[in-house]
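Reader: Hello! I would like a friendly close look at one part of this model, with a little context around it.

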Amino acid sequence: MEHQPKPLFKWRSQHGPVHHLLADGISRLRADLVTVGIDPSRAPFEHRSRPQCRCFFLDNLICQCSNTLVLDIEVIQSPQAAAAALDPVRARLLAELSEPASAATLAARLSLPRQKVNYHLRNLESHHLVRPTSERKWGGITERLVEATASSYVVSPAAMGPAASDPGRSRDRLSAGYLIVLAARVVREVSELVTRARETGKRLATLSIDTEIRFRSAAERAQFSSELTAAITQLAARYHDASALGGRAHRLVLVAHPLPQENKETAV
């Protein structure tokens, strides 16, 4: 009788067998490779042989492929999920679940009863913040391993419902409060777009610029702000076309604020 190999994966998730999830992730990765001009039929990384040593040169795409099921960041939009994630114990559990772990393991780390840890895990799972990965037998007992659905989380202002921040209600557009409202709107809008892109298997085109500038004086800071405003206005006028057929509007948000300092007495 021919020996039949054992299946690599026995558990099932809410979306189906894990190998289907992996196949979907690999398919998306191959599509991304084609997008950036890389032939997916070739080896995704190169290696160089050395005496008794093989070195692999990995890029970001390969690193992402190694864990296609865990998101870098997930934006929480449900008020109930936000309340669950903000609970101190559950927030600690999410931080501990960057890698799969069992309730018994987590209970030992947090010095909590296993039953209490199981209760919190079930609550997080009901809000899709953690998910089961596998099962293992330990001393005649079957343990379930779970992991966080993302490496980190951000709560969207949408979780506040009608009380959520709105730039239209801000009167002083030069205030720090208005800057915070703009940042909150970016989180809300981009998170919604990311969700749609993920559901349709498409990529979302974004641009982020993050840098630091140390001004010699308040006068030079003001001069920089004036020149930057003029440059952005000229550039936007050059490329903006409200009547373009098939065009798509994009939001450009430019903010600047002092960096936090350890010495709170230092003037900003």
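How much area does the chain expose, and what share of it do carbon and sulfur atoms supply? After that, please zoom in on how helix α3 and helix α4 pack.

Author: Happy to! This is a predicted model, where local features need pLDDT of at least 70, side-chain atom pairs count only at pLDDT 80 or more, and totals for chains, interfaces and linings use all residues. Residues are numbered from 1 along each chain as its sequence is written, and side-chain values use heavy atoms, without hydrogens and water.

The chain exposes about 21,000 Å² (Shrake-Rupley method, 1.4 Å probe), and 55% of that area comes from carbon and sulfur atoms. It has 268 residues, 20% of which count as buried (under 20% relative accessible area). Eight helices (DSSP H or I, at least four residues) and nine strands (E, at least two) make up its elements.

Now to your pair. Helix α3 spans residues 79-86 and helix α4 spans residues 88-96. Their axes, lines fitted to C-alpha atoms over the stretch in contact, lie 5 Å apart, and the packing angle is about 85°. That makes α3 roughly perpendicular to α4 (65 to 115 degrees).

On the α3 side, A84, A85 and L86 take part in the contact (heavy atoms within 4.5 Å). Their partners in α4 are P88, R90, A91 and L94. By class, the residues of this contact comprise six nonpolar, no polar and one charged. Here Ala, Leu and Pro count as nonpolar and Arg as charged.

Back at the scale of the whole chain, 54% of the contacts between residues at least 6 apart in sequence join residues at least 24 apart.

Key. Axes are lines fitted to C-alpha atoms, for helices over the stretch in contact, and angles run from 0 to 180 degrees between N-to-C directions. Angles under 35 degrees count as roughly parallel, over 145 as roughly antiparallel, 65 to 115 as roughly perpendicular and the rest as oblique. Buried means under 20% relative accessible area, exposed over 50%, partly exposed in between (1.4 Å probe, protein chains only).
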